[in-house]
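Subject: Structure handover

Hello,

Please find the structure below, as agreed. My notes on it follow.

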Amino acid sequence: MIRFRLIEKIPAAFRNKYFLTLLIFAIWILLFDSNNLIARYKGLRELHKLKVDREYYLKRIEADSQKLHELKTDNHNLEKFAREQYFMKKPDEDLYIILTPQEDRKITRRNN
């Protein structure tokens, strides 16, 4: 009698064996399977991040290739690059380096 009353208190949908099977299957897929939704979401997020990184590096490669081509083809550009990047100078010149506070912080961080 008591068992019969407890079963009647459970909604009819939860007493259906097909519904229970479907519910257990859905919980298994959502949480426990190796290809669960949480893992798929993390994978898609990682894929998006990698695509963004790929675009960034492709743009950097293109810009660097263009700079390299300019440096290889024109001696004036090569001299300009050496003067700006490596602070090179001609023997009869004086060189004054003016740094912004941000550049100064970068240099001190590299030296420490």
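Trp 28 counts as partly exposed, because its relative accessibility is 47% and the exposed class starts only over 50%. This is a predicted model, so please read every value here as computed from predicted coordinates. Phe 32, at 55% relative accessibility, is on the other side of that cut-off and counts as exposed.

Trp 28 and Phe 32 belong to one element: both lie in helix 3, which covers residues 17-32. Four residues separate the two, about one turn of the helix. Their rings form an aromatic pair with 5.5 Å from centre to centre. The planes make an angle of 45°, and the pair is classed as tilted.

How many aromatic pairs does the structure hold? The count is two. The other partners are Tyr 56 and Tyr 57, whose pair is edge-to-face, with 65° between the planes and 5.1 Å centre to centre. Is Tyr 56 exposed or partly exposed? Tyr 56 has a relative accessibility of 43%, so it counts as partly exposed. Tyr 57 reaches 52% and therefore counts as exposed.

Leu 58 lies in helix 4 (residues 37-73). With 40% relative accessibility, Leu 58 is partly exposed. I also checked one separation along the chain: Leu 58 and Ile 107 are 49 residues apart in sequence, and their C-alpha atoms are separated by 28 Å.

On the chain as a whole, there are six helices and zero strands. Read from the N terminus, the order of elements is α-α-α-α-α-α. The radius of gyration is 33 Å, whereas the globule rule gives 13 Å for 112 residues, so the chain is more spread out than a compact globule. Along the principal axes, the C-alpha atoms fill a box of roughly 110 × 35 × 15 Å.

Some surface and charge figures follow. Buried residues make up 3% of the 112 residues. The accessible surface of the chain is about 11,300 Å², and carbon and sulfur atoms account for 60% of that surface. The chain carries 23 positive and 16 negative charges, and the mean positions of the two sets are 18 Å apart.

Last, the confidence. The mean pLDDT of the chain is 84, and 93% of the residues score at least 70. Which helix has the lowest confidence, and which the highest? Helix 1 (residues 2-9) is lowest, with a mean of 68, and helix 4 is highest, at 93. Where pLDDT is low, predicted coordinates should not be read in detail.

Regards

Terms used:
Residues numbered from 1 in each chain as written. Predicted model: local features only at pLDDT ≥ 70, side-chain atom pairs only at ≥ 80, totals over all residues. Heavy atoms only, no water. Rg over C-alpha atoms; globule rule 2.2 N^0.38 Å. Buried < 20%, exposed > 50% of the residue type's maximum accessible area, 1.4 Å probe, protein only. Areas by Shrake-Rupley, 256 points an atom, 1.4 Å probe, with all protein chains shown as cover. Lys, Arg positive; Asp, Glu negative; His and termini not counted. Charge placed at Lys NZ, Arg CZ, Asp CG, Glu CD. Phe/Tyr/Trp six-rings, centres within 6.5 Å; stacked < 30°, edge-to-face > 60°. pLDDT = per-residue confidence, 0-100.
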